[in-house]
Amino acid sequence: QVQLVESGGGLVQAGDSLRLACTASGRILDTYVMGWFRQAPGKEREFVVAILRSGGTTPYADSVKGRFTITRDNAKKTVYLQMNSLKPEDTAVYYCAARPVGGDFSFWGQGTQVTVSS
């Protein structure tokens with residue numbers, strides 16, 4: 001059993017910053033790839049970025065490139081998403097997910113709401 005719990009969401013103004021955190025517990029290996037997704041109202045879930053145990057990352061979604069940064073602390077089993085220069089179009093529920101190397105994202109958190117006002 002794997003549990004992922006996100007935190008750090010909230011209501012901010014355009015241009016502000018937020019840092020999301022996702023802490024894993026249960027039968028999760030630190031070799032798992034951790035990722036962030038988001039889903040805005042009426043839209044499909046969007047992949048944002050993922051990070052390997054080594055700290056290497058996938059390419060960021062074009063919509064967040066240069067503004068968001070993913071990091072992880074393996075000792076704390078926590079992955080972070082630093083979000084800077086937030087825009088109203090970043091408003092969404094942000095989900096943390098985990099997958100084994102070579103596998104699919106099969107473990108998901110409950111999501112945390114990020115709302116950016118203009």
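Contact means heavy atoms within 4.5 Å. The model is predicted: local features need pLDDT of at least 70, side-chain atom pairs count only at pLDDT 80 or more, and totals for chains, interfaces and linings use all residues. Residues are numbered from 1 along each chain as its sequence is written, and side-chain values use heavy atoms, with hydrogens and water left out.

**Exercise 1. Contacts along the chain**

Find what share of the contacts with a separation of 6 or more joins residues 24 or more positions apart.

Solution. Take the contacts in the protein chain with a separation of 6 or more. Then pick out those between residues 24 or more positions apart. They account for 53%.

**Exercise 2. Secondary structure**

State how many helices and strands the protein chain has.

Solution. Start with the rule: helices (H or I, at least four residues) and strands (E, at least two) are DSSP runs, numbered from the N terminus. The count gives zero helices and 10 strands. Along the sequence, the pattern reads β-β-β-β-β-β-β-β-β-β.

**Exercise 3. Overall size**

Compare the radius of gyration with the value for a compact globule.

Solution. The radius is taken over C-alpha atoms, and the globule rule is 2.2 Å times the number of residues to the power 0.38. For 118 residues, the rule gives a value near 13 Å. The protein chain has 13 Å, so the two agree. Next, look at the principal axes: the C-alpha trace spans about 40 × 25 × 25 Å along them.

**Exercise 4. Burial and core**

Give the buried share of the chain, then name core residues that touch the most other members.

Solution. Buried means under 20% relative accessible area, exposed over 50%, and partly exposed in between (1.4 Å probe, protein chains only). Of the 118 residues, 42% count as buried. Now the core. A nonpolar core is a set of buried Ala, Val, Leu, Ile, Met, Phe, Trp, Tyr and Cys residues joined through side-chain atoms within 4.5 Å. The largest one has 30 residues, and Leu-4, Met-34, Trp-36, Phe-68, Leu-81, Met-83 and Tyr-94 touch the most other members. Elements that give two or more residues to this core include strand 1 (2–7), strand 4 (33–39) and strand 7 (78–83).

**Exercise 5. Val-5 and Thr-31**

Place Val-5 and Thr-31, and list what each touches beyond four places in sequence.

Solution. Val-5 is in strand 1. Its relative accessibility is 47%, so Val-5 counts as partly exposed. Val-5 contacts Ala-21, Cys-22, Thr-23 and Gln-110. The C-alpha atoms of Val-5 and Ala-97 are separated by 9.7 Å, with their positions 92 residues apart along the chain.

Thr-31 sits in the loop between strand 3 and strand 4. Thr-31 is partly exposed, at 39%. Thr-31 touches Arg-53 and Val-101. Thr-31 and Asn-74 are 43 residues apart in sequence, and their C-alpha atoms are 8.9 Å apart.

**Exercise 6. Positive phi**

Locate Lys-77 and Ser-85, and state the phi of each.

Solution. Begin with the background. Most residues other than glycine have a negative phi. Lys-77 is not a glycine, yet has a positive phi of about 50°. Lys-77 lies in the loop between strand 6 and strand 7, and is partly exposed at 37%. Ser-85 has a positive phi near 50°. Ser-85 lies in the loop between strand 7 and strand 8, and is partly exposed at 41%.
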